[in-house]
Amino acid sequence: MSRYERWNSLLELLAENGRLDVEEAAQALDVSAATIRRDLDELARQQMVTRTRGGAVAHNVSYDLPLRYKTARHAGAKQRIGAAAAALIAPGEVVGLNGGTTTTEVARALAVRPELVERAEGAPGRLLTIVTNALNIANELTVRPQVKIVVTGGVARPQSYELIGPLANAVLDELTLDVTVLGVDAVDVVHGATAHHEGEASVNRLLAERARRVVVVADSSKLGRRVFARICGLDRIATLVTDAEVDEELAAAFTEAGVQVITA
């Protein structure tokens with residue numbers, strides 16, 4: 001297990017339990033207590049946790065883990081989801097992408113779609129327009145000749161690299177999108193798609209409203225759950241792309257609600 005994977009696991013344990021004992025964490029992660037102490041010291045230095053005698057307690061930001069700590073979670077599933085979602089995008093479409101690890105995989109899959117790359121090399125012009133409030137996605141795709149990048153304004157949120165606030169809303173108010181691909185923190189049949197942070201949810205909601213169709217990408221651990229801030233109801237979601245570990249009854253509930261469910 002890498003250092004970042006350990007940090008991610010420790011933050012998840014703290015998010016679930018509120019506090020963590022060094023010896024218990026060492027046993028759970030199958031590493032030495034000395035390693036856990038060093039990890040907790042480093043996370044405390046980054047103001048991610050508060051150290052206590054013999055362990056740590058959760059700092060409030062650990063409930064919404066920074067993107068750099070999320071990348072190791074369900075990595076294979078997210079890559080498969082990203083590829084499946086990218087396959088739903090047609091050349092020439094205007095695509096909205098919010099931030100997150102799964103939408104980043106969608107962006108990466110779009111960047112290497114063979115038909116887009118080949119046509120871009122053989123003829124001038126951009127084959128996709130991507131509108132995003134995610135700085136990391138814009139950074140990765142700017143160098144792709146087949147993609148025109150439009151970045152919303154706004155204030156950068158360090159946890160997700162997303163731009164939020166009235167400047168982002170002002171740009172999106174002037175645009176129309178063919179499809180928006182949304183990464184979410186949770187989605188269920190009753191409450192729809194939700195996010196931990198209200199500022200992100202507001203921009204995500206507008207991305208959904210400006211699109212003709214909405215595709216939600218979420219690994220199965222996020223299904224059947226809800227978190228703090230509402231993005232949109234199921235009536236706005238055309239397709240849900242998730243992994244093959246999804247509970248069959250839960251998938252059926254989404255289908256009955258009118259959402260196409262694709263498992264990758």
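**Salt bridges, two helices and a surface patch**

Hi everyone. Searching the whole structure turns up 9 salt bridges. Please keep in mind that this is a predicted model. I'll walk through three of those bridges, then turn to the helices and the surface.

Let's start with Arg-51 and Asp-41, whose side chains form a salt bridge at 2.8 Å, N to O. This pair links distant parts of the chain, with Arg-51 in strand β2 (residues 49–52) and Asp-41 in helix α3, 10 residues apart. Arg-51 counts as partly exposed, at 29% relative accessibility, and Asp-41 is partly exposed too, at 43%.

Next, Glu-105 and Arg-108 make a salt bridge at 3.1 Å, N to O. Both belong to helix α6 (residues 101–111), where they sit 3 residues apart, about one turn of the helix. As a reminder, an α-helix has 3.6 residues a turn, so residues three or four places apart point the same way. Is Glu-105 buried or exposed? With 17% relative accessibility, Glu-105 falls under the 20% cut-off, so the residue counts as buried. Its partner Arg-108 is partly exposed, at 38%.

For the third bridge, have a look at Asp-178 and Arg-212, again 3.1 Å, N to O. Asp-178 is in strand β9 (residues 177–183) and Arg-212 in strand β12 (residues 211–217), so this pair ties together parts 34 residues apart in sequence. Asp-178 is buried, with a relative accessible area of 19%, while Arg-212 is exposed at 66%. There is also a network: salt bridges with shared partners join Glu-105, Arg-108 and Glu-140.

Now back to α3, residues 33–45. Its 13 residues should span 18 Å at 1.5 Å a residue, and the end C-alpha atoms are indeed 18 Å apart. Which residues of α3 are buried? They are Ala-33, Thr-35, Ile-36, Asp-39, Leu-40 and Leu-43. Viewed down the helix axis, these buried residues fall within an arc of 155 degrees, so they line one face of α3. On the face turned away from that buried side you'll find the exposed residues Arg-38 and Arg-45. After α3 comes Gln-47, with a positive phi near 60 degrees.

Helix α5 (residues 75–86) has 12 residues and reaches 16 Å between its first and last C-alpha, close to the 16 Å expected. Its buried residues include Lys-78, Ile-81 and Gly-82.

Finally, the surface. Leu-135, Val-151 and Tyr-161 form a nonpolar patch there, together offering about 220 Å² of accessible area. Tyr-161 is in the loop between β7 (155–157) and β8 (162–164), and counts as partly exposed at 31% relative accessibility.

Thanks for listening!

Technical notes:
Residues are numbered from 1 along each chain as its sequence is written. This is a predicted model: local features need pLDDT of at least 70, side-chain atom pairs count only at pLDDT 80 or more; totals for chains, interfaces and linings use all residues. Side-chain values use heavy atoms; hydrogens and water are left out. Patches are made of residues with over 30% relative accessible area and no salt bridge: like charges are joined within 9 Å, nonpolar side chains (Val, Leu, Ile, Met, Phe, Trp, Tyr) within 5 Å. Accessible areas come from the Shrake-Rupley method with a 1.4 Å probe; for residues, only the protein chains shown count as cover. A salt bridge is a side-chain nitrogen of Lys or Arg within 4 Å of a carboxyl oxygen of Asp or Glu. Helices (H or I, at least four residues) and strands (E, at least two) are DSSP runs, numbered from the N terminus. Buried means under 20% relative accessible area, exposed over 50%, partly exposed in between (1.4 Å probe, protein chains only). The expected span of a helix is 1.5 Å times one less than its number of residues. The arc is that of the directions from the helix axis to the C-beta atoms.
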